[in-house]
Amino acid sequence: KINMTINGIQVSVPKDYTVLLAAREAGIDIPTLCYLKDINEIAACRVCVVEVDINGVPMRNLPASCVLQVQEGMNVRTNTQRVRNAVRMNVELILANHNRECLTCLRNGTCELQKLCDELGIKDIEYQGEKREAKIDNLSHSIVRDSSKCILCGRCISTCRDVQGIGVLDFVNRGFNTEVAPAFNYSMKDVDCVYCGQCIQACPVAALRERTYIDDVWDAIDDPDKYVVVQTAPAVRASLGEEFGLPVGTRVTGKMVTALKMLGFDKVFDTNFSADLTIMEEGTELLQRVQNGGKLPMITSCSPGWIRYCEMKYPDFLDNLSTCKSPQQMFGAVLKSYYAEKEGIDPKKIVSVSVMPCTSKKTEANRPEMEVDGLRDVDFSITTRELGDMIKQARISFNKLSDGHADNIMGEYTGAGVIFGATGGVMEAALRTVADILTGKDLEQIEYQQVRGIEGVKEASVVLPIGGKDTEVKVAIAHGTKNAAKILDSVRAGEKNYHFIEVMACPGGCVHGGGQSHVSAKKRLDVNPKVNRANALYDEDKSLPIRKSHKNPEVIKLYEDYLKEPNGHLSHKLLHTHYAK
Ligand code: HC0
Ligand code: SF4
């Protein structure tokens, strides 16, 4: 322990602490902007400066507390006039070159710079210098980059490079013209970006944001000739409430359904339904590969950021990918065939909308192969945040809503479908079904704790009877592309062999997707959205009467009335695809 003084109060803190963390523990919230704990600790913005002396000897400059290690005998002052003036000047310099159209900004209300100015009492700006030229890159389906909003904090750069192991973004140009962009200022559309949106989650302002499709969805709803159907991904229900001030990870399934009905969607369904369907298809595919000597390990194919990553960086694993489309796409394909036929609706009139925790889903929905007979599986994919905005635009008091229930015949789901949204969830759902099929029993032990949690790489093995003999089925789970690389490298090197691998592009899985509600850097010091939101999904799983995908009555009916059997002829037409590059 280190003994030191902060603002005259004696404190004792662990040796590896920074002054910033020590102050927090002592109840002093030093302002920060570029700081993202464990990810971006580079003292770029100098908003967290403090005045320090050590055993009576003053440090000459004002050091940045986010990178300053605590020392015995340190005396820190965070609120002297010298500190206040310096902080104010540093923030004003940032503001001088920032597009300050706050009223019309997507991040109005969630902007960390806006909040900081409020907290620091900045009411006028002295420096009115020249502004960097604004460049907006909106050519990808997923991500918009707006240089006029960028404050050069570097949070996106560190996240993409160090958390995701990709490194698409960096500082380009010099001096006054410095900006954050892909190399040579290429569009995000033309680089190795997987559209995971983790950079958006890191961005304190609106320099990186999703490409929005809200207006397209409103237009469809307002068009009397269109039949507009919405599906909501598993993870959305664990974050949407945050848009309305509820604690991180509050489960709002029923309110979400009611709000969607109020918005005017003709039918409100659930992606969990097609998550269950995916397990039927993917589980069957796995059993066939294991029993018939097919390509192993089989790897999940539901996370579009992961698919893009595999295509670009690990093309030798493309044959390992399950041929299943993602639940988002399966849902759309079944909607415009089975559902349209059952209800007697012209599928050309159906507009298929998805609400996803994900920015990469927008690009997935637009992939050329994601259609059947000329009908797009999904017409518009919006994020959790965009749905929050639509609900606000409709003046719905979300927190007062009562619980609704998704419509039939594609709204029923099991606990297995819900947990898809957390890392390890697809694996657990698959194991529940595969174990039942192989043992011929209705197993009661269905919680696979080894595949849960936020460890970057998880492994488990389950002994199951295959072809009459007990076989150790080995599985692995990775979340975040950097962890995916670790697993794939070890498989490639022959150090590991597995039967089945789950990969999700985002750290934590979909619950921490690039389209989820923003959680500020400051708030992340106290709550871990990955954990809270995953817990919300595991709670919902526990609360449901049916927790295995193959027991979903609407999925059973879909096979009886239409698809006939998993991996059958119609399934291949509607629900499977091929990834090649
Ligand atoms: Fe996911 Fe999905 S679970 S990718 O994480 O598989 O986005 O939530 O919707 O499609 O179901 C995201 C979340 C989905 C899909 C499902 C899968
Ligand atoms: Fe990097 Fe993901 Fe952002 Fe693309 S979307 S720049 S891959 S963090």
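**Reading unusual backbone geometry**

Author: Pro297 lies in the loop between helix 8 (271-291) and strand 13 (298-299). The model is predicted.

Reader: What is the usual state of a peptide bond, and what is the state of the bond from Leu296 to Pro297?

Author: Most peptide bonds are trans. The bond from Leu296 to Pro297, however, is cis, with omega near -10°.

Reader: Which residue does a cis peptide bond join to Asn408, and where is Ile409 placed?

Author: Asn408 is joined to Ile409 by a cis peptide bond, with omega about 10°. Ile409 falls in the loop between helix 12 (384-393) and helix 13 (415-418).

Reader: How should one read the sign of phi, and what is phi for Asn7?

Author: Phi is negative in most residues other than glycine. Asn7 is not a glycine, and yet its phi is positive, at about 45°. Asn7 sits in the loop between strand 1 (2-6) and strand 2 (9-13).

Reader: Why is Asn7 classed as partly exposed?

Author: Asn7 has 16 other C-beta atoms within 10 Å. A residue is buried at 20 or more and exposed at 12 or fewer, so a count in between makes a residue partly exposed.

Reader: What is phi for Asn567, and where does Asn567 lie?

Author: Phi of Asn567 is near 60°, a positive value in a residue other than glycine. The loop between helix 18 (553-563) and helix 19 (569-575) holds Asn567. Asn567 is partly exposed, because 19 other C-beta atoms lie within 10 Å, while burial would require 20 or more.

Terms used: Residues are numbered from 1 along each chain as its sequence is written. Chains are lettered from A and ligands numbered from 1 in the order in which they are written. This is a predicted model: local features need pLDDT of at least 70, side-chain atom pairs count only at pLDDT 80 or more; totals for chains, interfaces and linings use all residues. Helices (H or I, at least four residues) and strands (E, at least two) are DSSP runs, numbered from the N terminus.
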